Number of protein chains: 2
Amino acid sequence: MGFAETFKALADPVRREILILLKQGRLSAGEIGSHFDMTGATISYHLGILKKADLVFETREKNFIYYELNTSVVEEVMLWLSELKGGNEDAEK
Amino acid sequence: MGFAETFKALADPVRREILILLKQGRLSAGEIGSHFDMTGATISYHLGILKKADLVFETREKNFIYYELNTSVVEEVMLWLSELKGGNEDAEK
DNA sequence: TAGTTATTTAGAATTTTTTCTAAATAACTT
DNA sequence: AAGTTATTTAGAAAAAATTCTAAATAACTA
């Protein structure tokens with residue numbers, strides 16, 4: 001894990017757009033790629049970064065690879081930010 | 001503003017450490033620098049990135065420049081993440 | 001005013017990131 | 001088995017980020 005990887009993954013606009021697409025549900029690499037004006041190789045690179053950051057996970061089916069949002073890491077990041085923001089008021093309630 | 005700048009700023013461990021230091025209260029550039037094994041020029045570079053991302057602001061006093069945490073942008077990021085995480089349940093309550 | 005202290009800016013070197021093309025896998029279909 | 005489709009991996013080129021040294025500002029102090 002590691003916040004560096006996570007924030008780095010979130011820093012790229014293409015990768016954030018991919019995550020937003022996946023909010024609606026799982027998509028294959030090809031379906032994700034069709035939303036962008038880039039080669040499949042580049043999309044695969046971005047998916048790799050998101051996967052390494054644990055922001056998505058894949059499930060293989062037929063000759064497709066489907067990607068899905070992994071929200072658990074998103075929660076960890078939110079916790080870190082909330083810690084930063086203010087002595088964590090949530091923990092007191 | 002812009003999430004790219006914000007996440008990029010948060011992606012670097014030195015910059016995250018600076019933000020954590022500033023949680024305790026404002027510090028001068030020199031005081032911040034003394035926590036790291038880097039030149040003042042490099043610290044200044046990182047502070048510039050944090051400033052551009054609106055994660056900190058500065059106030060000048062004597063011949064010091066003090067840096068302070070700006071939590072408002074942190075909240076915006078948290079909102080974006082919470083949107084991503086789940087159709088935003090918070091908005092329904 | 002001259003010198004000192006705090007910080008930034010400029011420029012260069014190094015590393016990392018992003019993107020492409022071409023080739024390699026992997027799994028299906030005929 | 002051979003061909004097709006979906007995706008990744010490798011390698012290279014280009015762009016961006018990180019760090020340094022040296023020089024420039026800015027504001028104080030004697």
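In chain B of this predicted model, the helices α1(B) and α5(B) are roughly perpendicular to each other, because the angle between them falls in the range from 65 to 115 degrees. The packing angle is about 105°, and the two axes lie 11 Å apart. Helix α1 of chain B covers residues 3–10, while helix α5 of chain B covers residues 71–85. From α1(B), the residues F3(B), T6(B) and F7(B) take part in the contact. From α5(B), the partners are V73(B), E76(B), V77(B), W80(B) and L81(B). By class, six of the residues in this contact are nonpolar, one is polar and one is charged.

A second pair of helices may be examined in chain A. Helix α1 of chain A spans residues 3–11 and helix α2 of chain A spans residues 13–23. Their axes come within 5 Å and cross at roughly 90°. The helices α1(A) and α2(A) are therefore roughly perpendicular to each other. On the side of α1(A), the contact is formed by K8(A), A9(A), L10(A) and A11(A). On the side of α2(A), the contact is formed by P13(A), R15(A), R16(A) and L19(A). Five of the residues in this contact are nonpolar, none is polar and three are charged.

These helices belong to a longer series of elements. Chain A contains five helices and three strands. Read from the N terminus, the order of elements in chain A is α-α-β-α-α-β-β-α. Along the principal axes, the C-alpha atoms of chain A fill a box of roughly 50 × 25 × 20 Å.

The relation between the two protein chains comes next. Chain B is superposed on chain A by a rotation of 180°, with 0.0 Å of shift along the rotation axis and an RMSD of 0.0 Å. The two copies are thus related as by a two-fold rotation axis. The same surface serves both copies, since 100% of the contact residues of chain B recur in chain A.

The protein chains are accompanied by DNA, and strand D may be taken up before strand C. There are 21 residues around DNA strand D, and those that come nearest are G30(A), Y67(A), T42(B), Y45(B) and H46(B). The elements that each supply at least two residues of the surface near DNA strand D are α3 (29–33), α4 (40–52) and β3 (64–69) of chain A, together with α4 (40–52) of chain B. Of these, α4(B) gives the most, with four residues. The surface near DNA strand D has eight nonpolar, nine polar and four charged residues.

Which parts of DNA strand D lie within 4 Å of the protein? Of the atoms of the strand within that distance, 75% belong to sugar or phosphate, and the rest belong to bases. Several individual side chains approach the phosphate oxygens. In T42(B), a polar side-chain atom lies 2.6 Å from a phosphate oxygen of DNA strand D. In S44(A), an N or O atom of the side chain is 2.9 Å from a phosphate oxygen of DNA strand D. For an N or O atom in the side chain of R15(B), the corresponding distance to a phosphate oxygen of DNA strand D is 3.1 Å.

DNA strand C can be described in a similar way. Of the 21 residues around DNA strand C, the nearest are T42(A), Y45(A), H46(A), G30(B) and Y67(B). Sugar or phosphate accounts for 75% of the atoms of DNA strand C within 4 Å of the protein, and bases account for the rest. Here Y45(A) places a polar side-chain atom 2.9 Å from a phosphate oxygen of the strand. The backbone also takes part: an N or O atom in the backbone of T39(A) lies 3.2 Å from a phosphate oxygen of DNA strand C. A polar backbone atom of A29(B) is likewise 3.2 Å from a phosphate oxygen of DNA strand C.

The surface near DNA strand C receives two or more residues from each of α4 of chain A and α3 (29–33), α4 and β3 (64–69) of chain B. For this strand, α4(A) gives the most, with four residues. By class, the surface near DNA strand C comprises eight nonpolar, nine polar and four charged residues.

Terms used
Residues are numbered from 1 along each chain as its sequence is written. Chains are lettered from A and ligands numbered from 1 in the order in which they are written. This is a predicted model: local features need pLDDT of at least 70, side-chain atom pairs count only at pLDDT 80 or more; totals for chains, interfaces and linings use all residues. Side-chain values use heavy atoms; hydrogens and water are left out. Copies are superposed by least squares on the C-alpha atoms of residues with pLDDT of at least 70 in both. Contact means heavy atoms within 4.5 Å. Axes are lines fitted to C-alpha atoms, for helices over the stretch in contact, and angles run from 0 to 180 degrees between N-to-C directions. Angles under 35 degrees count as roughly parallel, over 145 as roughly antiparallel, 65 to 115 as roughly perpendicular and the rest as oblique. Ala, Val, Leu, Ile, Met, Phe, Trp, Tyr, Cys and Pro count as nonpolar, Asp, Glu, Lys and Arg as charged, and the others, Gly among them, as polar. A residue is near a molecule or strand if one of its heavy atoms lies within 4 Å of it. A polar contact is a pair of N or O atoms within 3.5 Å; within protein, one must be able to donate a hydrogen and the other to accept it, and residues adjacent in sequence count only if both atoms are side-chain atoms.
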